[in-house]
Amino acid sequence: MSRQDLSVCLVIPTYNEAGNIEALLARLTELDQNLRILVVDDESPDGTADLVRSCARENPRIHLSSGPKAGLGAGYKRGMLLASGDLEADVLIQMDADFSHDPADVPRLIELIHEGADVAIGSRHVKGGQLDEKWGLVRRLLTYGGNFLIRLTAGIQGVQDCTSGFRAIRSSMLKKVDVENLPVDGYAFQVALLDGLLQQGAKVVELPIYFRDRVAGETKLRLSDLIEFFVYALVLGFSRGRGALPKFLVTGGTGTVVNVLAFQGMICLEVNKYLASLAALEISILWNFCINDMWTFRHTQPSAGWLKRNLRFHLASVTVVATSFGIFVLLVHLFPQWPLWLAQLLAILPAVPLSYYFSSRWVFRR
Ligand code: GDD
Ligand code: MN
């Protein structure tokens, strides 16, 4: 198919983007006379849809889909179905409405599809890509952590920015994925879709981009999106039986029980509470090591000897605890207004993937 024959439709989700949408539509329509744009709005209270409607009256290539607010992913499902169905687009482009994604990069993504890619990702995490310097520590941790986690549990290799919301996708490839029934409706949709495309054997390339912080409005990312993402990543790890992750998690669970029981036992024997806490930690680390050694990683035939494995496991455990503790101290320092449990929760989130990473790639490595 020649260049002119491929019809391209941008799918842009909006929720309260009245401060951005008109300027963005103006920029995109002057970019290329053949682009079509579908704005997927979830009844934004700030009147975003009305602004889109008035733009659409002047330009027939602008379309609007309005629906109830059910999350970023739910909006994308609705929009993608429409764009690849009724609008008969050959190429779909996902893009944020807040100018974090530079309209000037759109033709580059399309070009990559012309060159044979099924999916072209505007990527912040490849060489040459970048996050806005203004991005705070927490958002940086979240995006690096999220990508690390999902690559580990879904077994994604070769894609650096799995959570990017800036991508061109060949429609014929998209149709092979059961988009409507992807199990997530929040921000986790981005990784679920990418995973679905990779499962279908899509050829994915990444274009380095500069991700600018939004100027107007604020992020719509919520705690519920983070939780959904985390649960989805773990479920994926389980269902795929990726490596030894399920067994590793079960072991960790038993280790927690052992820790509390040992601690309580020592307290009953009137052992000093600090000593009891430290001893219980050591007992549970040993416990976890033995179970992982005899069960979780039994089939991997690790290259290191028993003592070396045990020492490495201890070192890894201490590193993980230190990392979590470090994050906790940082967060408490940076955001004194946060409730303490939130800081603690965010601090321990990386613990499971990090310790699994150490165990599978170092301690029990083949
Ligand atoms: N229709 C609809 N419904 N649109 C939504 C919803 C929703 O529930 N929630 C957010 N959006 C729109 C926003 O209006 C914006 O255009 C776009 O989705 C991205 O939302 P932001 O709130 O700006 O996201 P972000 O900047 O925090 O997150 C970006 O980075 C993430 C990874 O770090 C986005 O590119 C995400 O897609 C990406 O996963
Ligand atoms: Mn944004």
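A backbone N or O atom of Lys220 lies 2.6 Å from an oxygen atom of ligand 1, and that contact is a good place to start a tour of this predicted model. Around the ligand, the protein covers 96% of the 740 Å² of accessible area that ligand 1 has on its own.

## Around the ligand

Which residues come nearest to ligand 1? Of the 23 residues around it, they are Glu17, Lys69, Asp96, Thr219 and Lys220. Sorted by class, this shell holds 7 nonpolar, 7 polar and 9 charged residues.

Oxygen atoms of the ligand make several polar contacts with the protein, and the table sets some of them side by side.

| Residue | Part of the residue | Distance to an oxygen atom of ligand 1 |
|---|---|---|
| Tyr15 | polar backbone atom | 2.9 Å |
| Thr219 | N or O atom in the side chain | 2.6 Å |
| Lys220 | backbone N or O atom | 2.6 Å |

Thr219 and Lys220 thus appear both here and among the residues that come nearest to the ligand.

## Two paired strands

Now let us turn to the strands. Strand 1 covers residues 8-14 and runs parallel to strand 2, with 6 bridges joining the two. Within this pair, Thr14 stands opposite Asp41 of strand 2.

Is strand 2 largely enclosed or open? Strand 2 spans residues 36-41, and because 6 of its 6 residues are buried, it is largely enclosed by the rest of the structure. Its side chains point two ways: Arg36, Leu38 and Val40 to one side, and Ile37, Val39 and Asp41 to the other, all of them buried. Asp41, the partner of Thr14, is therefore one of the buried residues that make strand 2 an enclosed one.

## Cysteines

How many disulfides does the model have? The count comes to 0. Cys9 offers an example of the reason: its sulfur is 15 Å from the closest cysteine sulfur, that of Cys55, which is too far for a bond, as a disulfide needs the two sulfur atoms within 2.5 Å. Cys9 counts as buried because its relative accessibility is 0%. Cys290, by contrast, has a relative accessible area of 31% and so is partly exposed.

## A buried aspartate in a loop

Our last stop is Asp161, which sits in the loop between helix 5 (137-154) and strand 7 (167-170). Although it belongs to a loop, Asp161 counts as buried, with 0% relative accessibility. Its side chain reaches the backbone nitrogen of Ser164 at 3.1 Å.

Definitions and conventions:
Residues are numbered from 1 along each chain as its sequence is written. Chains are lettered from A and ligands numbered from 1 in the order in which they are written. This is a predicted model: local features need pLDDT of at least 70, side-chain atom pairs count only at pLDDT 80 or more; totals for chains, interfaces and linings use all residues. Side-chain values use heavy atoms; hydrogens and water are left out. A residue is near a molecule or strand if one of its heavy atoms lies within 4 Å of it. A polar contact is a pair of N or O atoms within 3.5 Å; within protein, one must be able to donate a hydrogen and the other to accept it, and residues adjacent in sequence count only if both atoms are side-chain atoms. Accessible areas come from the Shrake-Rupley method with a 1.4 Å probe; for residues, only the protein chains shown count as cover. Ala, Val, Leu, Ile, Met, Phe, Trp, Tyr, Cys and Pro count as nonpolar, Asp, Glu, Lys and Arg as charged, and the others, Gly among them, as polar. Buried means under 20% relative accessible area, exposed over 50%, partly exposed in between (1.4 Å probe, protein chains only). Helices (H or I, at least four residues) and strands (E, at least two) are DSSP runs, numbered from the N terminus. Two strands pair if DSSP finds at least two bridges between them.
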